[in-house]
Amino acid sequence: MLSRLLLAAARSPAARQAVLVAPVGRDLVHRFIAGEEREDAVRAVDELIVRGLQVSLDFLGEDTTDAAHADTVRDEYTGLLARLGAAGLGRRAEVSVKLSALGANLGRGSGAEALDRARAVCAAAAPAGTTVTLDMEDHRSTDATLAAAAALRADYPWVGVVLQSYLRRTEADCRELLQTGCRVRLVKGAYLEPGGVAFQSRGEVDRSYVRCLRLLMEGDGYPMVATHDPRLIDIAGALAVRAGRGQDGYEFQMLYGIRTEEQLRLAGAGETVRVYVPYGGDWYGYFMRRLAERPANVAFFLRSLGHG
Ligand code: FDA
């Protein structure tokens, strides 16, 4: 119930305003977010790489409301990628992109414009020696995101895409994608979705995750196992062995600031572990989804109000 409220608040302009003016503890926000500036992100990349981890960088922002801002988001990504390339970090740090941040929801024709911007991001990733993964937003954008990923992969076959196991359609999407050799990041899903399109119970979402993961492990693509769930992490290891995949045939992914010890444990055991690192000033939606995932974070958040 609380998590549904928080997810609704993540999309509410009024709630956004209330949280942004509240004295939210900086420490709490910075637990999940590397910082506001590009150099904060690069510093986080350096620190994680030294610890044997890889990175996917996310410039925070979603539901961009005008084309000029969408251009700014594109330019931040291309600038970041040039910076990663110049620092020789491209082999270990890629970027994650939300099509809504690139202006996909601005009305007629905006999907094609967002795709052009995503193409510019891919064109900057290539010389930096790295990859791009398209994040997945709520179910109304699933078809468009999958179509954009397919269009980008025609020129940049290393473009990856996220699938969410809470959606009833995802098993079928896995079956389609696994024949394309695509990089697929499998997550449970972080948005408030109706029962008609999404499983509502934890058990159903987890069982769907296992079914999808089995398909991906047995397919031709590169599975990216994005979860902090210890049971699913164990199952992923077992499914990889069963499918005859070595440790270089898949990777684990987790969010910055969540289960850091587990990230290091897996990396120490020879697994590839990529940490999703968000940065930028527009942290509200991302932060609220992290609160919604874990009631303990909410208590921590409420205690931090007034101490910020
Ligand atoms: P679950 O929520 O069951 O958590 C398992 C355990 O992990 C918890 O018991 C707790 O120990 C720990 N944990 C999880 N979340 C926590 C939190 N916020 N704070 C503290 N501890 C926490 N979603 C989406 O819809 N579209 C996307 O594009 C992406 N992209 C993405 C990239 C990567 C790399 C990751 C890891 C996740 C995403 N997600 C996402 C988010 C995803 O859908 C999901 O909401 C979170 O990963 C939480 O689900 P878990 O699989 O971790 O399981």
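The following legends describe close-up views of the ligand and the largest pocket in a predicted model.

**View 1. Residues nearest to the ligand.** The ligand is surrounded by 25 residues, of which Gly189, Thr227, His228, Glu293 and Asn297 come nearest. Sorted by class, this shell holds 10 nonpolar, 6 polar and 9 charged residues.

**View 2. Backbone atoms of Met136, Gly189 and Ala190 beside the ligand.** At Met136, a backbone N or O atom lies 2.8 Å from a nitrogen atom of the ligand. Gly189 places a backbone N or O atom 2.7 Å from an oxygen atom of the ligand. For Ala190, the distance from a backbone N or O atom to an oxygen atom of the ligand is 3.0 Å. Taken alone, the ligand exposes 920 Å², and the protein buries 89% of that area.

**View 3. Secondary structure elements of the ligand shell.** Three strands and one helix each supply at least two residues of the shell: S4 (160-164), S5 (183-187), S7 (251-255) and helix H12 (284-293). Strand S7 provides the largest share, 3 residues.

**View 4. The largest pocket and its centre.** The space taken by the ligand is the largest pocket. This pocket contains about 1,500 Å³ of space. Its lining consists of 49 residues, and those closest to the centre are Lys188, Gly189, Ala190, Arg290 and Glu293. Gly189 and Glu293 are also among the residues that come nearest to the ligand.

**View 5. Elements and residue classes in the pocket lining.** At least two lining residues come from each of the helices H1 (2-10), H3 (26-32), H9 (202-218), H12 and H13 (295-304), and likewise from each of the strands S4, S5 and S7. Helix H12 contributes the largest share of the lining, 6 residues, whereas the largest share of the ligand shell comes from strand S7. By class, the lining of the largest pocket divides into 25 nonpolar, 9 polar and 15 charged residues.

Conventions. Residues numbered from 1 in each chain as written. Predicted model: local features only at pLDDT ≥ 70, side-chain atom pairs only at ≥ 80, totals over all residues. Heavy atoms only, no water. Near = heavy atom within 4 Å. Polar contact = N/O pair within 3.5 Å; in protein donor to acceptor, adjacent residues only side chain to side chain. Areas by Shrake-Rupley, 256 points an atom, 1.4 Å probe, with all protein chains shown as cover. 1 Å grid on protein atoms, 1.4 Å probe; cavity = no way out; pocket = protein on both sides within 12 Å on 5 of 7 lines; lining within 4 Å. Sits in = over half its atoms within 2 Å of the grid points. Helix = DSSP H or I, 4+ residues; strand = E, 2+ residues; numbered from the N terminus. Nonpolar A, V, L, I, M, F, W, Y, C, P; charged D, E, K, R; others polar. Points joined across faces, edges and corners; volume = space filled by probe spheres on them.
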